[in-house]
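Reader: I should like to go through the terms used for this structure and see what each one rests on. Please set the values against the cut-offs as we proceed.

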Amino acid sequence: VNGVGKIGNIICIQGKAAHAAIAPEDGRNALLAAASAMLALPPGRYGNSVINYGTISGGTADNVVPERITVTVETRSNNEEDLQKLNAKLHEVWRKTVTEAGCQVEFKSNGGYPAFQIDPASAHVQNTINTLRKFGLSGEIIDFRAGCDANYLNRLGVETCIVAMGRKYNHSTAEITTVANLELLTQVAFELMQL
């Protein structure tokens, strides 16, 4: 598995509060500025990279133009250069769009992890593939879209493969795996530890 890298951002939009019925034109709607920026750079795939807006919070009451909004967003990519480029584009689009709406924007880091690529010809990868095949599994190398310890271990020079657990519908209320998958993965793990 090749591992995806992630950059997390907290975006704070500062507008200006005003009474929503008496003088809405005196306000600067931070929520509208955030929505405009999301429309300018929608969530989804950008080649082999992804943007996702995770949470939006802010405002004080339904009769007040929202003065401050906070949005969490992440960019992910299997290629570190593409990850940096997409994150820079996110900052550029949000700065431009939010400023044009008469608001201010501030970016804070929300963590992340580095992308990594494994060498399919390395002895470690070949041993892992051969072990998986002994258990009737394909042992193919794919791009993995989530983060794990392997992101950091590979960056430190400790060659690390990720072995899938046979789950489906990750991060949904329908997420599932089977006892058979867990038992098989346990056997594979014990075999790999003996290499």
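Author: The model is a predicted one. Let us begin with Asn9, which is in contact with Val71, Thr72, Val73, Asn87, Leu90, His91, Phe107, Lys108 and Asn110, its neighbours within four places in sequence being left aside. Asn9 belongs to strand S2, residues 5-14.

Reader: Why is Asn9 counted as buried?

Author: The relative accessibility of Asn9 is 4%. Buried means under 20%, so Asn9 counts as buried.

Reader: What makes the pair Asn9 and His91 a polar contact?

Author: The side chains of Asn9 and His91 are joined at 3.0 Å. The limit for such a pair of N or O atoms is 3.5 Å, one atom being able to donate a hydrogen and the other to accept it; the pair Asn9 and His91 is therefore listed as a polar contact.

Reader: How do you know that Cys12 is in no disulfide?

Author: The structure holds zero disulfides. For Cys12, the nearest cysteine sulfur is that of Cys103, 13 Å away. A disulfide requires two cysteine sulfur atoms within 2.5 Å, and therefore Cys12 and Cys103 do not form one.

Reader: Why are Cys12 and Cys103 called buried?

Author: The relative accessible area is 5% for Cys12 and 6% for Cys103. Each value is set against the limit of under 20%, so Cys12 is buried and Cys103 is buried.

Reader: What does Ala33 touch, residues up to four places away in sequence not being counted?

Author: Ala33 touches Ile13, Thr97, Val98, Ala101 and Cys103 on that count. Ala33 itself is found in helix H1, residues 30-40, and its relative accessible area is 0%, so it is buried. The C-alpha atoms of Ala33 and Val98 are 5.1 Å apart, although 65 residues separate the two along the chain.

Reader: What makes the pair Glu74 and Lys6 a salt bridge?

Author: The N to O distance between their side chains is 3.2 Å. The cut-off is 4 Å between a side-chain nitrogen of Lys or Arg and a carboxyl oxygen of Asp or Glu, so the pair Glu74 and Lys6 qualifies. Glu74 lies in strand S5 (residues 68-77) and Lys6 in strand S2, so this salt bridge ties together parts that are 68 residues apart in sequence.

Reader: Why are Lys6, Glu74 and Arg76 described as a network?

Author: Glu74 meets Lys6 in a salt bridge, and Arg76 meets Glu74 in another, at 2.6 Å from N to O. The three residues are thus linked in a network of salt bridges. Glu74 has a relative accessible area of 17%, under the 20% limit, and is therefore buried; Arg76 is buried as well.

Reader: Which residue forms a salt bridge with Lys96, and are the two buried or exposed?

Author: Glu100 is the partner, with the closest N and O atoms 2.8 Å apart. Both residues are exposed, and both lie in helix H2 (residues 80-100), four residues apart, about one turn of the helix. A search of the whole structure finds six salt bridges.

Reader: Why does Leu156 count as exposed, whereas Thr186 counts as partly exposed?

Author: Exposed means over 50%, and Leu156, at 70% relative accessibility, counts as exposed therefore. Thr186 is at 40%, between the limits of 20% and 50%, so it counts as partly exposed. Leu156 is in the loop between helix H4 (149-155) and helix H5 (179-193), and Thr186 is in helix H5.

Definitions and conventions
Residues are numbered from 1 along each chain as its sequence is written. This is a predicted model: local features need pLDDT of at least 70, side-chain atom pairs count only at pLDDT 80 or more; totals for chains, interfaces and linings use all residues. Side-chain values use heavy atoms; hydrogens and water are left out. Helices (H or I, at least four residues) and strands (E, at least two) are DSSP runs, numbered from the N terminus. Buried means under 20% relative accessible area, exposed over 50%, partly exposed in between (1.4 Å probe, protein chains only). Contact means heavy atoms within 4.5 Å.
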